[in-house]
Amino acid sequence: MKLKVVVHQAEEGGFWAEVPSIPGCATQGETFEELLCNLYDAVEGCLSVDMEEVSLTEKDKILEIAV
């Protein structure tokens, strides 16, 4: 999966980024490298689902895929 990310330079220094295709998904970093690391964490967090809230039956399966 490819996501477009908008990277901004913060007025106070550092960077911040937002992922327009995932509402509310944004992060920041003091350096560009820190921003990239935080960005992967932010996207993963925004796309994760708490499995405790999902009702499953014995016929259901849970799959984890990489996109």
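Okay, let's start at the front end: Met1 is exposed, with a relative accessible area of 61%. Exposed here means over 50% relative accessible area, buried means under 20%, and partly exposed is in between, with a 1.4 Å probe and protein chains only. Met1 sits in the segment before β1, which covers 6–9. Strands are DSSP runs of E with at least two residues, helices are runs of H or I with at least four, and both are numbered from the N terminus.

Quick housekeeping. This is a predicted model, where local features need pLDDT of at least 70 and side-chain atom pairs count only at pLDDT 80 or more, while totals for chains, interfaces and linings use all residues. Residues are numbered from 1 along each chain as its sequence is written, and side-chain values use heavy atoms, with hydrogens and water left out.

Back to Met1, then. Met1 belongs to a nonpolar patch on the surface, together with Leu3, Val5, Val7, Phe32, Leu36, Tyr40 and Leu47, and the accessible area of that group adds up to about 750 Å². Patch members have over 30% relative accessible area and no salt bridge; nonpolar side chains (Val, Leu, Ile, Met, Phe, Trp, Tyr) are joined within 5 Å, and like charges within 9 Å. A salt bridge, by the way, is a side-chain nitrogen of Lys or Arg within 4 Å of a carboxyl oxygen of Asp or Glu. The areas come from the Shrake-Rupley method with a 1.4 Å probe, and for residues only the protein chains shown count as cover. Which element gives the most to the nonpolar patch? Helix α1, residues 32–47, with 4 residues.

Val5 is another patch member, also in the segment before β1. At 33% relative accessibility, Val5 is partly exposed. Leaving out residues up to four places away in sequence, Val5 touches Ala17, Glu18, Val19 and Leu39, where contact means heavy atoms within 4.5 Å. Val5 and Cys25 are 20 residues apart along the chain, and their C-alpha atoms are separated by 9.9 Å.

Follow one of those contacts to Val19, in the loop between β2 and β3. Is Val19 buried or exposed? Buried, with a relative accessible area of 2%. Beyond its neighbours within four places in sequence, Val19 is in contact with Leu3, Lys4, Val5, Cys25, Leu39 and Val43.

That same loop between β2 (15–18) and β3 also holds Gly24, and Gly24 is exposed, at 80% relative accessible area. From Gly24 to Ala42 there are 18 residues along the chain and 9.8 Å between the C-alpha atoms.

Now the strands. β1 and β2 run antiparallel, joined by 4 bridges; two strands pair if DSSP finds at least two bridges between them. In that pairing, His8 has Trp16 of β2 as its bridge partner. The hairpin of β1 and β2 has 5 residues between the strands, and Gly13 there takes a positive phi near 110 degrees.

β2 also runs antiparallel to β3, again with 4 bridges, and Phe15 stands opposite Gly29 in β3. Have a look at the side chains along β2, which alternate: Phe15 and Ala17 point to one face and are buried, while Trp16 and Glu18 point to the other and are not.

Over in strand β3, residues 26–29, we find Thr27. Thr27 is buried, with a relative accessible area of 16%. Its contacts, leaving aside neighbours within four places in sequence, are Trp16, Ala17, Leu35, Asn38, Leu39 and Ala42.

Last topic, cysteines. A disulfide is a covalent bond between the sulfur atoms of two cysteines. The cut-off used here is a pair of cysteine sulfur atoms within 2.5 Å. How many disulfides does that rule give? The count is 0. Why does Cys46 have no bond to Cys25? Because the Cys46 sulfur is 3.3 Å from the one in Cys25, its closest cysteine sulfur, and that is too far for a bond. Cys46 is partly exposed, at 35% relative accessible area. For Cys37, the closest cysteine sulfur is also in Cys25, but 14 Å away, so that is too far for a bond. Cys37 is partly exposed as well, at 47%.
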